[in-house]
Amino acid sequence: MSSDEQDTGDDRARDGARSPGRRDPEQERRAAERARRIRERRAAERRAAAGTPPPTATTSPTSPTSPGGRRPGRRHRRGGRPGGPGSGRGAAAAVRERTAARAAERSRSRDPRYRRRRLVALLATAAVVLLGVSAAGWWALGRYGPPVATVRVDGTRQIPVRDVEDAAGDQTGVPLAAVDTDGVAARVSAIPGVAAVEVDRSWPDTLVVAVTERTPAALLDTPDGPKLVDVTGFVYRDAPPDVRLPRLQLPRVAPDDPATLAAVGVLQALPVPVRDQVQTLSLGGGGSTFELGLTEDRRVLWGPWPDTDRTAARARVLGPVLQREGAVYDVSSPSLVTVRQR
């Protein structure tokens, strides 16, 4: 028996003890209120067992109501009771949604494409940070870094070191990080005889200028005197008085002239003992062949100069052929060399 039923029985017993006849109005009201509470509790138990939400609260016909039809002292509630079946289903749905979201996140994290995208994003961020730090550090070195104390010149053999230092300019006292290395390289490259130049910083206080000089391959007689010609056919400076090199006797000498390039290629292919005997290189009859003028008034008929595929073979056979007595050596066909007197 429930507590309300027990209370109802006790009240009836007391009422019967006090007045075995009819009940007064107050007793009737209390009995009706207890009966209403019992009915509501049993209805709630049946709804909970069936899984249906409770209906909106209404006023019992037997209960006292306010003028608006609501019981005094109670708020008119809509929807399910807190903690009832409706709120339980909402909480379960929220849990399922959170579980599905976590599962989707784990699935994405296991996807190789997702991992690659994250790695790329991390690397890009790290690169941006490193670039920013490097730029800030280099700016600080350019403003407050150690100054240049020495300019070191490497690689010069024929070009005076003083010429290179003058072209580089006075860099003493300038912060090493602030030196315009491209400007220094451009000025040094303008010196005749310089084929290439590299300007580097040697920390903490040395500027290094590494020069690659042009390699002379021949001489060219000009109205201003003999000039040196390098292996690229470039005429670059006055020839020293004591230099001994073959003279090019061509209509035009320039790096973009095919005959010039073929001529310096022939001179570079010759063995050093043979090249030391060559005094001139000129065009033969018709301008399509080369002739080499040697010491002791000897000549070499080289053959067609556009035929550069045979340059190495002709250079190989010329050395042994010059051991033979003769004045004219024809190596235009390396497999059939001829030697004659005049």
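Where in the chain is the place of Glu296? Glu296 sits in the loop between β9 (289-294) and β10 (298-304). The notes below concern a predicted model, and they return to this loop after an account of the chain as a whole.

1. Overall composition. The protein chain contains nine helices and twelve strands. Of its 342 residues, 29% count as buried. The surface exposed by the chain comes to about 21700 Å², and carbon and sulfur atoms supply 54% of that area. Among contacts with a separation of 6 or more, 43% are accounted for by residues 24 or more positions apart.

2. The loop between β9 and β10. Two residues of this loop call for comment on their backbone. Glu296 has a phi near 65 degrees, a positive value in a residue other than glycine. Asp297, which lies in the loop between β9 and β10 as well, has a positive phi of about 60 degrees and is likewise not a glycine. Most residues other than glycine have a negative phi. As to accessibility, Glu296 counts as exposed because its relative accessibility is 70%, and the threshold for that class is over 50%. Asp297 is also exposed, with a relative accessible area of 53%.

3. Strand β9. Phe290 lies in strand β9. Is Phe290 buried or exposed? Its relative accessible area is 1%, so Phe290 is buried. Phe290 and Ser332 are 42 residues apart in sequence, while their C-alpha atoms are 9.5 Å apart in space.

4. The cis peptide bond. Trp203 and Pro204 are joined by a cis peptide bond, with omega about 15 degrees. Most peptide bonds are trans. Pro204 is located in the loop between β2 and β3; these strands span residues 194-202 and 206-213 respectively. A reader inspecting the model may wish to view this bond together with the helix described in the next two points.

5. The pairing of α5 with α6. The axes of helix α5 (residues 161-168) and helix α6 (residues 181-189) come within 8 Å and cross at roughly 135 degrees. The two helices are therefore oblique to each other, since an angle counts as roughly antiparallel only when it is over 145 degrees. The crossing in which α5 passes α6 is right-handed. From α5, the contact is made by Val164, Ala167 and Ala168; from α6, it is made by Val184, Arg187 and Val188. By class, this contact has five nonpolar residues, no polar residues and one charged residue.

6. The buried residues of α6. Which residues of α6 are buried? They are Thr181, Gly183, Val184, Ala185 and Val188. Val184 and Val188 thus appear both in this list and in the contact with α5. The buried residues of α6 pack against α5 and also against the strands β2 and β3.

7. Ala149. This residue is found in the loop between α4 (112-144) and β1 (150-154). Ala149 counts as partly exposed, because its relative accessibility is 47%. Although Ala149 and Thr206 are 57 residues apart along the chain, their C-alpha atoms are separated by 6.0 Å.

8. Val264 in α7. Val264 is found in helix α7 (residues 258-269). With a relative accessibility of 3%, Val264 counts as buried. What is Val264 in contact with, leaving aside its neighbours within four places in sequence? The contacts are with Ala217, Asp230, Val231 and Leu248. One of these, Val231, is 33 residues from Val264 in sequence, and the C-alpha atoms of the pair are 6.0 Å apart.

9. Pro216 in β4. Pro216 is found in strand β4 (residues 216-222). Its relative accessibility is 24%, so Pro216 counts as partly exposed; the class of buried residues requires a value under 20%. Not counting residues up to four places away in sequence, Pro216 touches Gln158, Leu228, Val229, Asp230, Tyr236 and Leu245. Asp230 is thus a contact of Pro216 and also of Val264. The C-alpha atoms of Pro216 and Gly233, 17 residues apart along the chain, are separated by 9.3 Å.

Methods. Residues numbered from 1 in each chain as written. Predicted model: local features only at pLDDT ≥ 70, side-chain atom pairs only at ≥ 80, totals over all residues. Heavy atoms only, no water. Helix = DSSP H or I, 4+ residues; strand = E, 2+ residues; numbered from the N terminus. Buried < 20%, exposed > 50% of the residue type's maximum accessible area, 1.4 Å probe, protein only. Contact = heavy atoms within 4.5 Å. Areas by Shrake-Rupley, 256 points an atom, 1.4 Å probe, with all protein chains shown as cover. Axes fitted to C-alpha atoms, helices over the stretch in contact; angles between N-to-C directions. Parallel < 35°, antiparallel > 145°, perpendicular 65-115°, else oblique. Left-handed = near helix turned anticlockwise from the far one by under 90°. Nonpolar A, V, L, I, M, F, W, Y, C, P; charged D, E, K, R; others polar.
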